[in-house]
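Reader: I have the sequence and the model open side by side. Can we walk through it with short questions and short answers?

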Amino acid sequence: MTEQQQEEMSPPSKGHRLDSNSNQSSSQNLEIYKEDYKNDNDVEPESKDELSTSTTSLPPSELLGQAKSLFTSVDFATIVVGEQNAQNFTGTLTSDFNCQCDDLLVEKDVGVQVVISADMSVQTDDPEPYTQSEFKEENEEFDSSSSLSKFLSAVTPTMIEELKANIESNAFDDYIFVEKTAKLPSVYLHSLTFPFSIMSKQIAKQNRATKFGGDYDDDKDDDKFNANANANANLNDEGGVGKGLAVTDVAWSAGGSTLIASYGGINKTGWCDSKGFVVAWNLSDRKFDPLKPSSIIEWSSHVTCVAAHPEKPSIFCAGSFNGEILVIDVNNTASPLLASSKIDDYFHREPIKKLCWSFEVNDHDWQLNSVSGDGKILWWQIEKMKCPTRGVRLTSKIGSSGSDGASACLVGGNAMASGGKNNDQLYVGSEGGQLFRVASRDFVPQKPPKANDLEMKWSTSALQALLRVPAAQREEISRKIERKAKKDKRRGVDLAAVYNAKVDASVLFPNKTDFNYENHIGPVNSLDISPFHRKLLASGGNDGELRIYDSLGKSPVLTFEPGAEHGGGSIESCMWSKTRPCVLGSCDDLGNVYLYDLQKDDCYPVATLHPCENVTARGGEGKVEESEEEEEEGKKAIANFYLENGSRRGSCRLHSLAFNDGKNRKLLAAGDHLGVVHIWRLPDELSEVRRGEEEWLKVYFAS
């Protein structure tokens with residue numbers, strides 16, 4: 001038998017059967033293969049060596065068949081579809097068998113936390129991409145021969161030249177764009193008073209059940225206020241019972257949270273033995289109540305003015321009608337009055353008209369300045385109020401001193417302003433309408449040398465006072481002071497011994513007036529120096545004029561008459577804003593507050609406030625719900641009350657004004673003649689500084 005015949009009779013292997021050429025049908029092949037696999041399961045498997053030896057020479061198709069036979073179960077079935085021959089297999093192999101491992105768990109629908117949307121909506125459709133032919137056709141429409149291309153080519157050089165000229169031009173260098181927006185009205189916030197003010201009862205009734213206090217009990221509170229009125233019937237400015245005290249001055253603390261007001265008479269003359277008060281409200285306190293001040297300091301006479309320390313928020317100074325100066329610490333509830341001056345020939349014997357602060361270069365500290373109707377300006381150290389450190393006199397003659405100054409007529413001061421750290425001058429307005437500039441810088445050395453002819457030990461402050469005396473009179477004055485000190489059995493000469501020697505006041509207090517400005521008609525009631533421009537001086541007087549001076553010029557640069565439309569009124573107070581360089585405010589005895597914004601309008605006020613119309617409104621904060629008729633009746637009652645107490649047209653007479661420069665920079669305060677302090681919240685337009693505003697102010701007044 002030949003080798004080929006033996007191969008045909010022997011059963012082929014699995015891989016070989018797949019490649020053999022057989023003309024039998026698929027069903028016959030299926031039976032053969034099933035029987036073959038059954039026989040394979042009955043035979044023991046070959047060893048590893050035999051298996052490796054027998055498979056190394058097999059073709060890839062046979063290796064695949066053997067691999068499948070090793071990893072299949074008994075029920076494995078192989079189906080061959082198509083024709084077979086000895087060389088290649090042209091059919092399709094399908095298999096249906098069971099695996100030894102479990103089927104994998106596959107879930108077609110699984111819940112997830114996010115939703116994936118297969119269809120999303122868009123606002124625009126995807127643009128169809130340009131084909132190269134379309135892009136070429138579109139560009140051919142804008143060839144160099146088109147009219148648009150010719151126009152652009154013609155005007156481009158001219159436009160470039162104009163743009164370059166605009167860049168190099170300085171025509172608008174000084175122009176500041178101010179956006180014109182709708183005016184935001186100022187909001188009336190509070191009406192502050194205390195039981196010794198006649199308006200306290202009226203305001204307590206109108207502001208019942210607010211968040212600042214409890215309900216007003218007519219019977220109980222009427223008895224309380226009537227008792228206060230009867231016990232303080234002498235606290236009036238015209239002798240009538242129930243007139244009460246007026247707010248003579250207001251000031252904000254350095255931090256801006258505390259407001260202090262002085263209470264006294266307005267037209268009081270002669271000696272005053274009636275009580276006055278210094279009252280403070282802390283607006284940042286959670287328990288703030290407009291009718292319950294946080295601190296009340298009582299004094300033996302009316303209080304005429306107040307001033308807040310520039311750097312210490314709790315320190316205030318006040319001036320009295322009889323000439324004393326008080327130093328107050330509002331945080332010291334046990335004893336708020338720290339010190340006070342006395343009445344003396346070398347101190348003040350007339351009402352203190354104004355207090356301000358100036359920085360002393362020698363002492364590197366702030367000193368208090370006071371001016372009075374007696375014609376003296378004094379410097380004080382608030383830690384040593386026993387006597388002033390120095391002083392000057394106001395006379396009608398510029399620069400007079402010594403014997404010539406004694407014959408010069410003294411001028412009573414009525415208003416004063418200081419430039420703070422950046423100014424060496426004081427500006428003083430008189431009762432007769434004169435306006436002076438006073439040189440305030442002290443050229444005496446901080447540690448003066450001791451003279452050889454002095455017999456006693458002199459303190460530094462005493463030597464400085466002696467050096468301010470004219471050199472021709474210095475030796476005579478020193479001997480007089482030492483004789484008095486020895487008579488009083490003093491061990492040395494201090495500043496108190498200098499004043500106690502009764503030296504001529506014209507020698508100790510020289511005249512430092514170095515410039516006069518154009519006069520007001522009537523008393524000058526208020527002065528203020530701009531904190532942003534030290535040469536700008538604002539003044540207000542009884543003539544109803546609000547003026548702005550350049551400190552180097554005699555005549556005013558700008559003059560306003562705020563109350564002309566209302567019949568004319570005396571300007572009682574004026575002040576520059578502490579946050580807006582171009583904003584200036586003033587108040588008059590007609591009850592109006594005028595606010596000027598020089599950058600917006602240098603002729604007319606941009607806002608006018610009327611406190612008497614809103615004395616109980618509070619800007620809608622905490623007001624109880626009541627009908628319009630009740631609210632209107634309350635306003636009429638307040639207006640009638642003002643009218644009955646001597647106000648023209650039922651308005652309040654305002655005597656003081658103060659801008660806040662601390663954290664509450666939007667607040668504005670004004671005090672009236674019936675003891676009420678009115679507080680507004682200004683809009684951003686009048687309280688927030690604008691870019692380049694300070695430079696604009698300098699350029700405006702330099703032109």
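Reader: Which residues of helix α11 are buried?
Author: This is a predicted model. Helix α11 covers residues 460-467. What covers its buried residues includes β19 (457-458), α12, β20 and α13. The buried residues are Ala-462, Leu-463, Gln-464, Ala-465 and Leu-466.

Reader: Which residues have the most contacts inside the largest nonpolar core?
Author: In general, nonpolar side chains tend to be buried together in soluble globular proteins. The largest nonpolar core here has 39 residues. The residues with the most contacts inside it are Trp-458 and Val-493.

Reader: Which residues does Trp-458 contact, leaving aside its neighbours within four places in sequence?
Author: Two of the partners, Leu-463 and Leu-466, are among the buried residues of α11. Val-493 is another partner. The full set is Leu-463, Leu-466, Ser-478, Ile-481, Glu-482, Val-493 and Val-498.

Reader: How many residues are in the second, separate core?
Author: This core includes Trp-252, Tyr-263, Leu-283 and Phe-288. Tyr-263 is a residue of β5, where it points the same way as Leu-259 and Ala-261. The count for the second core is 20 residues.

Reader: How many residues of strand β5 are buried?
Author: Strand β5 spans residues 258-264. Thr-258, Ile-260, Ser-262 and Gly-264 point one way, and they are buried. Leu-259, Ala-261 and Tyr-263 point the other way, and they are buried too. The count is seven of seven.

Reader: In β6, which residue is the bridge partner of Ile-260?
Author: β5 pairs with β4 (residues 246-252) in the antiparallel sense, over six bridges. There, Ala-251 stands opposite Ile-260. β5 also pairs with β6 (residues 276-282), again antiparallel and over six bridges. In β6, the partner of Ile-260 is Ala-280.

Reader: Which residue takes a positive phi in the hairpin of β4 and β5?
Author: Five residues lie between the two strands of this hairpin. The phi in question is near 85 degrees. The residue is Gly-256.

Reader: Is His-309 buried or exposed?
Author: His-309 sits in the loop between β8 (303-308) and β9 (315-320). Its contacts beyond four places in sequence are Ala-254, Ile-315, Trp-357, Trp-366 and Ile-382. Its relative accessible area is 4%, so it falls under the 20% cut-off and counts as buried.

Reader: Which backbone nitrogen lies 3.0 Å from a polar atom of the His-309 side chain?
Author: The loop of His-309 lies between β8 and β9. These two strands form a hairpin with six residues between them. The nitrogen belongs to Glu-311.

Reader: Which residue of β10 stands opposite Ala-318?
Author: Both faces of β9 are covered, and Ala-318 is buried along with Phe-316 and Ser-320 on one side. β9 pairs with β8 over five antiparallel bridges, with Ala-307 opposite Cys-317. Five bridges also join β9 to β10 (residues 325-329), which run antiparallel. Opposite Ala-318 stands Leu-326.

Reader: What is the phi of Gly-323 in the hairpin of β9 and β10?
Author: This hairpin has four residues between its strands. Gly-323 takes a positive phi there. The value is near 110 degrees.

Reader: What is the relative accessible area of Lys-489?
Author: Most residues other than glycine have a negative phi. Lys-489 has a positive phi of about 60 degrees. It is in the loop between α12 (471-487) and β20 (492-493). Lys-489 counts as exposed because its relative accessible area is over 50%, at 77%.

Reader: Is Lys-502 buried or partly exposed?
Author: Lys-502 also has a positive phi, near 60 degrees. Its loop runs between α13 (495-500) and α14 (505-508). Its relative accessible area is 44%, between the 20% and 50% cut-offs, so Lys-502 is partly exposed.

Reader: Which side chain of opposite charge is nearest to Glu-572?
Author: Glu-572 is in strand β26 (residues 571-576). It is buried and has no salt bridge. A 3.1 Å polar contact does join its side chain to that of Ser-570. The nearest opposite charge, 7.4 Å away, is on Arg-653.

Technical notes:
Residues numbered from 1 in each chain as written. Predicted model: local features only at pLDDT ≥ 70, side-chain atom pairs only at ≥ 80, totals over all residues. Heavy atoms only, no water. Buried < 20%, exposed > 50% of the residue type's maximum accessible area, 1.4 Å probe, protein only. Lys, Arg positive; Asp, Glu negative; His and termini not counted. Salt bridge = Lys/Arg side-chain N within 4 Å of Asp/Glu carboxyl O. Polar contact = N/O pair within 3.5 Å; in protein donor to acceptor, adjacent residues only side chain to side chain. Pairing = 2+ DSSP bridges. Contact = heavy atoms within 4.5 Å. Core = buried A, V, L, I, M, F, W, Y, C linked by side-chain atoms within 4.5 Å.
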